[in-house]
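Reader: Hello! I'd like to talk through the contacts in this structure with you.

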Amino acid sequence: MVCETVHQSKGAESEIVILLNLLDGVFPSKNPSNGLLSILGVSSEKVFAEEERLFYVAITRPKQALYLVTEKNQESEFVDRIRDATTSVQQDALSEDDIPF
């Protein structure tokens, strides 16, 4: 087993990918008052966009399985997007004949 951060795993594929700590305010990080960002001239929007890109890269790396680990009612915005997208696809795939009542 190899444990890597999202940053370390860029470009590498794995049989199984487990993303931990997908909590609101943690990943993506939401800390617009970070003084270091201001000093470096980096906007919070740029940081968010980079984390969004890293998340996309991470969820497209598994060959067999992807596990997203979060806490109920504290899910990351990224997890919410995936849930919304898969729910939409599942609903679109259903026909009236598929509904049991």
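Reader: With which residue does arginine 83 form a salt bridge?

Author: Happy to help, and first a word on the ground rules: this is a predicted model, in which local features need pLDDT of at least 70 and side-chain atom pairs count only at pLDDT 80 or more, while totals for chains, interfaces and linings use all residues. Residues are numbered from 1 along each chain as its sequence is written, and side-chain values use heavy atoms, with hydrogens and water left out. A salt bridge is a side-chain nitrogen of Lys or Arg within 4 Å of a carboxyl oxygen of Asp or Glu. With its closest N and O atoms 2.9 Å apart, the partner of arginine 83 is aspartate 80.

Reader: Is glutamate 75 buried or exposed?

Author: Buried means under 20% relative accessible area, exposed over 50%, and partly exposed in between (1.4 Å probe, protein chains only). Glutamate 75 sits in the loop between β2 (62-68) and α3 (77-93); helices (H or I, at least four residues) and strands (E, at least two) are DSSP runs, numbered from the N terminus. Because its relative accessibility is 18%, glutamate 75 counts as buried.

Reader: Which backbone nitrogen does the side chain of glutamate 75 reach?

Author: Besides that nitrogen, contact (heavy atoms within 4.5 Å) links glutamate 75 to residues including Asp80 and Arg83. The backbone nitrogen, reached at 3.2 Å, belongs to asparagine 73.

Reader: Which element gives the most to the largest nonpolar core?

Author: A nonpolar core is a set of buried Ala, Val, Leu, Ile, Met, Phe, Trp, Tyr and Cys residues joined through side-chain atoms within 4.5 Å. The largest one has 10 residues, among them Leu54, Phe55 and Ala58. Two or more residues come from each of β1 (14-19), α2 (44-59) and α3. The biggest contribution, 3 residues, is from α2.

Reader: Why are the buried residues of α2 on the same side?

Author: The buried residues in α2 are Glu51, Leu54, Phe55, Val57 and Ala58. They lie on the same side of α2 because the arc they cover around the axis, taken from the directions from the helix axis to the C-beta atoms, is only 160°.

Reader: How many residues apart in sequence are the parts tied together by glutamate 15 and lysine 63?

Author: The salt bridge between glutamate 15 and lysine 63 has its closest N and O atoms 3.7 Å apart. Glutamate 15 lies in strand β1 and lysine 63 in strand β2, so the parts they tie together are separated in sequence by 48 residues.

Notes
Polar contact = N/O pair within 3.5 Å; in protein donor to acceptor, adjacent residues only side chain to side chain. Lists of a residue's contacts leave out its neighbours within four places in sequence.
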